[in-house]
Amino acid sequence: MNEEQKKMAVRIAVTAVITIVASVLPDSVYGGSRLLHMLPYLVAYVIIAHDVFLDALRNISRGQVFDENFLMAFASLGAFGLGVMKDAEYTEAIAVVLFYQVGELFEDYAVDKSRRNISELMDIRPDYANIERDGKIVKVAPDDVAVGSEIIVQPGEKIPIDGVVLDGNSSLNTVALTGESLPRDVAPGSEVISGCINMTGILRIKTTKEFGESTVTKILELVEDASSRKSESEHFISKFARYYTPIVCFSALALAVIPPIVRMTVLNLAPEWSNWFYRALIFLVISCPCALVLSVPLTFFAGIGGAGRQGILIKGSNFMETLADARYVIMDKTGTLTKGVFEVTGVHHSKISNEKLLEYAALAESASSHPISKSLQKAHGKELNRGRVTDVQEKSGRGVIAKVDGHTVAAGNDKLMSELGIACIPCHQVGTLVHMAIDGEYAGHILISDVVKDTSKEAVKEMQDNGIDCVMLTGDGHKTAEDIAKRLGISKVYSELLPEDKVKKVEEVIKSKRGKEKVLFVGDGINDAPVLSVADVGVAMGAMGSDAAIEAADVVLMDDDPLKIDKAIRISKKCMTIVKENIVFAIGIKAICLVLGALGLANIWMAIFADTGVLILAVLNAMRALFVANV
Amino acid sequence: MLIGGNAMKTQRYKIDVDCAVCAEKMEEAAKRTAGVDDAVVNFMMLNMKVKFADGADTREVMDRVLENCRKIDEDCKIYF
């Protein structure tokens with residue numbers, strides 16, 4: 001609690017104590033004097049209500065009639081007046097203001113707390129960058145570091161700017177960015193992203209972006225902006241609030257005036273002014289829509305913050321609403337369900353040891369920069385001595401022939417083999433084949449294929465279990481696509497698509513959906529900006545470091561784990577449930593109290609519950625949205 | 001939706017306001033101000049995003065926005 005909140009807490013406590021003591025003291029203490037009896041209540045009333053009255057007067061002078069201070073001041077003053085005139089009962093008057101203040105205090109505290117919570121969650125803003133000047137390390141503002149500068153990051157510090165490691169080995173903690181607690185190892189040449197925490201070794205980094213363009217800045221901007229795109233529920237609440245207060249206030253006025261007059265003139269009964277006045281006061285106490293106006297955006301704010309902690313950046317509460325209604329999830333294959341990097345997945349029919357065959361293949365292809373050559377080198381895993389390779393002949397579109405350790409090695413596709421007149425063994429698995437021939441004799445083949453992510457199958461199953469239709473799109477051939485889809489359990493596959501075909505497919509799905517059902521598209525953010533924007537929600541995955549993807553998508557998954565797709569949907573569903581609960585609960589209780597109040601079946605205490613009680617319960621419920629780790 | 005293009009100027013300002021209802025009212029007041037095309041107040045982040053009409057002098061418009069907001073909530077602040 002801050003100073004102001006503490007002061008208010010003290011005022012509330014003092015008022016409560018005085019009121020309780022005064023009400024339990026036997027009347028004999030006052031010697032029958034009504035004035036003396038009123039005195040302690042009056043003191044308590046002034047302590048708790050003076051600022052409400054001052055604010056009310058100030059706002060009234062500006063023509064703000066439906067100001068909540070004024071309504072509360074009027075309601076409590078009315079109750080106090082009834083006490084003076086009738087039964088010397090003042091606790092209700094004090095309770096109206098007392099609980100109004102409790103509500104305000106709680107609201108203040110809860111909002112502060114969740115603001116702080118979320119800024120802690122998003123505590124990735126680096127305060128400084130270390131640069132070397134005359135052999136000494138100096139701290140400068142990250143903004144002042146030019147692209148291409150060298151910065152030094154010590155263990156325990158945040159990487160302030162995106163860059164490439166020049167020197168040093170370390171592990172990075174990316175938990176604040178991705179929610180992934182496993183550290184990431186980096187070595188010279190690794191690209192590093194701002195916002196990660198350097199854990200073990202000193203790193204010397206060459207910056208590749210300005211601070212303003214770095215990942216950390218992009219993310220923080222996105223978070224700042226996030227809850228400013230309002231959802232349907234928030235628009236509903238704004239509209240509701242605009243009409244609710246005036247309607248309740250005019251009803252209160254009508255209730256205070258019309259029934260007594262009707263009783264007097266038409267029914268020839270006693271008007272019972274004070275009875276109807278009391279009912280009107282109940283209306284005034286319930287007239288503030290605070291619980292709703294606060295709890296709905298608070299829920300979205302907490303939900304977006306909680307999701308952010310899991311590495312799921314949702315750009316606005318409107319997208320949360322859409323995610324919750326997701327019925328179709330269309331996924332791009334490469335980069336989303338598969339790693340998008342080609343790896344050696346098998347060595348078959350090898351006449352020599354598999355390692356030896358890989359080594360020869362890697363050496364023969366070592367001059368090439370083709371992705372296949374890179375995956376061969378990676379699978380081989382050892383330093384290559386290029387001196388062992390001579391007479392390299394690149395056979396464009398077919399492969400390569402080279403002399404390795406004096407042997408003639410041919411590595412390439414079946415066309416190359418048939419050209420050389422060598423019979424090759426086809427493979428029953430799907431992927432790119434590198435056939436090998438050594439000294440004119442077939443030596444086996446190496447299978448290279450895109451690897452399915454470890455969690456893809458589970459992710460698809462989770463979504464299907466939740467009633468979501470999964471669709472896979474790819475530019476690859478039918479055979480590869482069918483093979484991967486079958487392994488993942490996806491029945492709807494569209495293959496050999498050009499980028500514009502993908503847009504058409506997504507549009508087709510959107511046309512086929514019914515009612516409120518929503519269509520998600522998930523891609524890796526590279527080259528699929530048009531598709532991202534066509535879908536109801538565009539999700540970019542593995543976006544860490546790709547600011548183009550962060551820009552184009554509505555939801556950004558910082559790491560490339562497909563399990564996060566369903567998680568984002570579940571978090572959104574949880575938030576929407578809370579929002580609906582709060583709307584129904586708050587409006588429901590208020591409506592019930594208004595009806596009971598009009599019928600004379602409610603008292604001020606019930607009205608206080610419908611106001612402050614509902615506010616506190618709704619806010620507590622909203623705070624649940626923050627805890628989404630195990631949704 | 002692309003906010004912050006060159007044609008239309010959009011700016012975000014830090015604000016200070018006590019309650020969610022007041023924030024709603026501030027948004028209404030800002031939207032009504034001449035020279036403002038659209039405004040969104042984000043109570044949770046305590047900021048206000050203002051989309052200015054073409055050719056508006058942002059400084060002048062923001063003076064008017066603050067004046068209008070003060071009318072409904074004297075204690076509110078906009079930092080610009």
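How many residues of chain A are in contact with how many residues of chain B? In this predicted model, the tally is 27 residues on the chain A side and 24 on the chain B side. Put together, the two chains bury about 2300 Å² between them, and carbon and sulfur atoms account for 47% of that area. On the chain A side, the residues that lose the most area to chain B are Arg62(A), Arg115(A) and Glu224(A), which together make up 23% of what that side buries.

Polar pairing at this interface comes next. Between chain A and chain B there are 5 salt bridges. One salt bridge across the interface joins Arg242(A) to Glu28(B), with 3.5 Å between the closest N and O atoms. As for polar contacts, 9 residue pairs turn up across the interface, counting pairs with both residues at pLDDT 80 or more. The chain A surface that touches chain B draws two or more residues from each of helix 2 (34-61), helix 4 (91-121), helix 6 (215-226), helix 7 and helix 9 of chain A. Of these, helix 9 of chain A gives the most, with 6 residues. Sorted by class, this side of chain A has 12 charged, 9 nonpolar and 6 polar residues.

Now for the empty space. A probe the size of a water molecule, rolled over the atoms, shows where such space is left. Here the search turns up 3 cavities of 30 Å³ or more, and the largest cavity holds about 190 Å³. Its lining consists of 18 residues, and those closest to the cavity centre are Lys230(A), Glu234(A) and Pro297(A) from chain A plus Glu24(B) and Phe43(B) from chain B. At least two lining residues apiece come from helix 7 (232-265) and helix 9 (290-309) of chain A, and likewise from helix 1 (20-32) and strand 2 (36-42) of chain B. The lining of this largest cavity splits into 10 nonpolar, 4 polar and 4 charged residues.

Back to charge pairs, this time over the whole structure. Side chains of opposite charge can pair when their charged atoms come close. Over all chains, the structure holds 35 salt bridges. Among them is the one between Arg388(A) and Glu359(A), at 2.7 Å from N to O. Arg388(A) sits in the loop between helix 12 (371-380) and strand 13 (389-395) of chain A, while Glu359(A) belongs to helix 11 (residues 354-364) of chain A, so this pair ties together parts that are 29 residues apart in sequence.

Technical notes. Residues numbered from 1 in each chain as written. Chains lettered and ligands numbered in written order. Predicted model: local features only at pLDDT ≥ 70, side-chain atom pairs only at ≥ 80, totals over all residues. Heavy atoms only, no water. 1 Å grid on protein atoms, 1.4 Å probe; cavity = no way out; pocket = protein on both sides within 12 Å on 5 of 7 lines; lining within 4 Å. Points joined across faces, edges and corners; volume = space filled by probe spheres on them. Helix = DSSP H or I, 4+ residues; strand = E, 2+ residues; numbered from the N terminus. Nonpolar A, V, L, I, M, F, W, Y, C, P; charged D, E, K, R; others polar. Contact = heavy atoms within 4.5 Å. Buried area = accessible area lost by both parts, 1.4 Å probe. Salt bridge = Lys/Arg side-chain N within 4 Å of Asp/Glu carboxyl O. Polar contact = N/O pair within 3.5 Å; in protein donor to acceptor, adjacent residues only side chain to side chain.
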